[in-house]
Amino acid sequence: MKNPQPKEWRSEDWSQHKIADYKPYNFVDGEGVRCSLYVSGCLFQCEGCYNKIIQNFNYGTYYTQELEDQIIQDLGASYCQGLTLLGGEPFLNTPVLLRLCKRVRETYGDTKDIWSWSGYTWEELQQETEDKLALLEYVDVLVDGRFILAKCDLTLRFRGSSNQRIIDVKESKKQNKVVLYYQDDEISTMGTEE
């Protein structure tokens, strides 16, 4: 696993504007029914990464206007809760994702939420480049931190290892500290109330 210095990895140096996959209407990449965009390329190289093939920035196909139009159309379904950004590393693919997230907000306002997974921690992102901070402005929920194989826990929802956090981005900015979207004990009881 690699640990960058602040502003060491820049999207303009790494992103090839490529997409590994797009999955409309899935149930695993965050709450509710979601449209998930998997970007290509990641420098963290976590041991045990489940998407190792898409660590390569040249993997997949180029992001196109047609794909963007399809994502915007798919998000319009009344049962679709929002967009999920993963990969690869979303924050090393800001040229593609800033454009998409801006359009999501222009089209749907805050009626569709945006989740993102990142190998960066919240604290690291606060020290990062302007484009990464701009992308974070669009995100509602951030699952942060590198996957650590020694801390792998398959019982965790939306995370692979116990060091990763599910962060409420807007509340965290408001309170100027990390505010979790929900605690693990809340997750285990979700949907069990009568």
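**Group meeting: a walk around helix α3**

Okay, let's start with one residue, Leu98. If you leave aside the neighbours within four places in sequence, Leu98 is in contact with Asp131, Ala134, Leu135 and Tyr138. Bear in mind as we go that this is a predicted model. Take Tyr138 from that group: Leu98 and Tyr138 are 40 residues apart along the chain, and their C-alpha atoms are separated by 8.2 Å. Leu98 itself lies in helix α3, and with 22% relative accessibility it counts as partly exposed.

So what does α3 look like? The helix covers residues 94-108, which makes 15 residues. At 1.5 Å a residue you'd expect a span of 21 Å, and the end C-alpha atoms are 20 Å apart, so the two agree. Right after α3 comes Gly109, and its phi is positive, near 60°.

Which residues of α3 are buried? Here's the list: Thr94, Val96, Leu97, Leu100, Cys101, Val104, Arg105 and Tyr108. They take up an arc of only 150° around the axis, and that puts them on the same side of α3.

Now, the salt bridges. Side chains of opposite charge can pair when their charged atoms come close. Searching the whole structure turns up 15 salt bridges, and I'll show you three of them.

Two of my picks involve α3. In one, the side chains of Glu68 and Arg99 meet at 2.7 Å, N to O. Glu68 sits in helix α2 and Arg99 in helix α3, so this pair ties together parts that are 31 residues apart in sequence. Buried or exposed, what is Glu68? Glu68 counts as buried, because its relative accessibility is 3%. Arg99, at 38%, counts as partly exposed.

The other is Asp69 with Arg103, a salt bridge of 2.6 Å, again N to O. Asp69 is in α2 and Arg103 is in α3, so here the parts being tied together are 34 residues apart in sequence. Asp69 counts as partly exposed at 34% relative accessibility, and so does Arg103 at 24%. Put these residues together and you get a network of salt bridges linking Glu68, Asp69, Arg99 and Arg103.

Over to the sheet, then. There are 7 strands in an open sheet with mixed pairing, and the order is β3-β1-β2-β4-β5-β6-β7. Which strands stand at the edges? Those are β3, residues 61-62, and β7, residues 165-168; each has a single partner strand, so one side of each has no neighbour in the sheet.

On the β3 side, strand β1, residues 18-26, is joined to β3 by 2 bridges, and the two run antiparallel. Lys18 stands opposite Tyr62 in β3 there. Helix α2, residues 65-75, packs on the sheet and touches β1, β2 and β4. The direction of α2 makes about 20° with that of β1. Remember, α2 is where Glu68 lies, and Asp69 as well.

My last salt bridge is within the sheet strands. The side chains of Asp113 and Arg34 meet at 2.7 Å, N to O. That pair links distant parts of the chain: Asp113 belongs to strand β5, residues 113-117, and Arg34 to strand β2, with their positions 79 residues apart in sequence. Asp113 is buried, with a relative accessible area of 15%. Arg34 is buried too, and its relative accessible area is 0%.

That's my tour. Thanks, everyone.

Technical notes. Residues numbered from 1 in each chain as written. Predicted model: local features only at pLDDT ≥ 70, side-chain atom pairs only at ≥ 80, totals over all residues. Heavy atoms only, no water. Helix = DSSP H or I, 4+ residues; strand = E, 2+ residues; numbered from the N terminus. Expected span 1.5 Å × (residues − 1). Buried < 20%, exposed > 50% of the residue type's maximum accessible area, 1.4 Å probe, protein only. Arc of directions from axis to C-beta. Pairing = 2+ DSSP bridges. Contact = heavy atoms within 4.5 Å. Axes fitted to C-alpha atoms, helices over the stretch in contact; angles between N-to-C directions. Salt bridge = Lys/Arg side-chain N within 4 Å of Asp/Glu carboxyl O.
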